[in-house]
Amino acid sequence: MEDLEPRPLAIIKVGDTFEPLRERRGDFENWIAAGLGDTPLPVVVLDPRRGDTLPDPATLSGAIVTGSHAMVSHREPWSESTGQWLRQLVAHRTPVLGICFGHQLLADALGGEAGDHPAGMEIGTVQVELQPEAADDPLTQGLPPRFDAHVVHRQSALRLPKDAVRLAGNDFESTQAFRIGDSAWGLQFHPEFDDEIMRGYVEHLAEPIRAEGADPGAVEARVKPTPAAAGLLGRFARIVEARSVTAAAPSA
């Protein structure tokens, strides 16, 4: 019997972290790849900002869209074309996970709206609360009802697509996680961040934090481990692996 090569899991790199942090720890795609854990799937990184072609959804096992310091509402050409591609992924039922910017872009591309959060920036380690619908969701089922997560964002998914299911939120951000269809998820928080990375963002953004009336030292002091949030990358990888095996199985 002919061995079939597994289809790759694509990390769609739409942003870069701050240079000092990148020199010490790598970038978004490195953190995401590490969070996936051991996977038999080839992991490829594609950057639409530099002109990389986003492949036919049928050629991928799944895709993860990274965070970005860009803003969805700025409607940059690479962002708009990536949003169009996300619609194709969802239509094909290729598993997709959007993180922060990716979460907002997914919502916006599928008929929702992304834009500035009226309360400004959310940053640091925050508590996220699951909605009842999360209990039966393939990605979030079994998570604690409340868990800690790392966040840094000024924009949000202000309005979800009409057929989206809200999975989690908190007092600041009503949609910290959502699902659309049975194969696409958005996470406003950062499962790929660890404590050091989160502290690096707080330190780099100390002046904007002060400008919004908060104490960067107090924000940094509240940074803590986020094991439940971090585990979502591995959960997504296992979903992709299982569906990839099913798709590759020969028909009777």
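Biologist: Which residues does leucine 97 touch, leaving out those up to four places away in sequence?
Modeller: In this predicted model, leucine 97 touches Ala63, Ile64, Val65, Leu139, Trp185, Leu187, Leu233 and Phe236, with residues up to four places away in sequence not counted.

Biologist: Which residues have the most contacts inside the largest nonpolar core?
Modeller: They are Ile64, Leu97, Phe147, Phe189 and Phe236, and the core has 32 residues. Two or more residues each come from strand 1, helix 2, strand 4, strand 6, strand 7, strand 9, strand 11 and helix 8. Helix 8 gives the largest share, 8 residues.

Biologist: Why would such side chains gather in one place?
Modeller: In soluble globular proteins, nonpolar side chains tend to be buried together.

Biologist: What other core lies apart from that one?
Modeller: There is another core of 25 residues, including Ile12, Val72, Leu86 and Leu89.

Biologist: Let us turn to the sheet. In what order do its strands run?
Modeller: The order is 2-1-3-4-11-10-9-6-7, in an open sheet of 9 strands with mixed pairing. Strand 2 and strand 7 are the edge strands, each pairing on one side only. From one strand to the next, the twist averages 25°.

Biologist: Are strand 3 and strand 4 parallel or antiparallel?
Modeller: Strand 3 (residues 62-65) pairs with strand 4 in the parallel sense, over 3 bridges. Within this pairing, alanine 63 stands opposite valine 96. Helix 2 packs on the sheet and touches strand 1, strand 2, strand 3 and strand 4. The direction of helix 2 makes about 150° with that of strand 1.

Biologist: And how many bridges join strand 9 to strand 10?
Modeller: There are 4, and the two strands run antiparallel. Valine 165 has arginine 179 in strand 10 as its bridge partner. Strand 9 also pairs with strand 6 in the antiparallel sense, over 2 bridges; there, leucine 130 has alanine 168 as its bridge partner.

Biologist: A change of topic: which residues of helix 5 are buried?
Modeller: Asp195, Ile197, Met198, Gly200, Tyr201 and Val202 are buried in helix 5 (residues 195-204). Their cover includes helix 1, helix 2, strand 6, strand 7, helix 6 and helix 7.

Biologist: What caps the N-terminal end of helix 5?
Modeller: Aspartate 194 does, with a side-chain oxygen 3.2 Å from the backbone nitrogen of glutamate 196.

Biologist: Finally, what feature does UniProt place at residues 79-194?
Modeller: The unreviewed UniProt entry gives "domain: Glutamine amidotransferase" for that span. In the model, residues 79-194 are 20% helix and 38% strand, and their end C-alpha atoms lie 26 Å apart.

Terms used:
Residues are numbered from 1 along each chain as its sequence is written. This is a predicted model: local features need pLDDT of at least 70, side-chain atom pairs count only at pLDDT 80 or more; totals for chains, interfaces and linings use all residues. Side-chain values use heavy atoms; hydrogens and water are left out. Two strands pair if DSSP finds at least two bridges between them. A nonpolar core is a set of buried Ala, Val, Leu, Ile, Met, Phe, Trp, Tyr and Cys residues joined through side-chain atoms within 4.5 Å. Buried means under 20% relative accessible area, exposed over 50%, partly exposed in between (1.4 Å probe, protein chains only). Contact means heavy atoms within 4.5 Å. A polar contact is a pair of N or O atoms within 3.5 Å; within protein, one must be able to donate a hydrogen and the other to accept it, and residues adjacent in sequence count only if both atoms are side-chain atoms. UniProt positions are given in the numbering used here, feature names are shortened, and annotations may be inferred rather than shown by experiment. Axes are lines fitted to C-alpha atoms, for helices over the stretch in contact, and angles run from 0 to 180 degrees between N-to-C directions.
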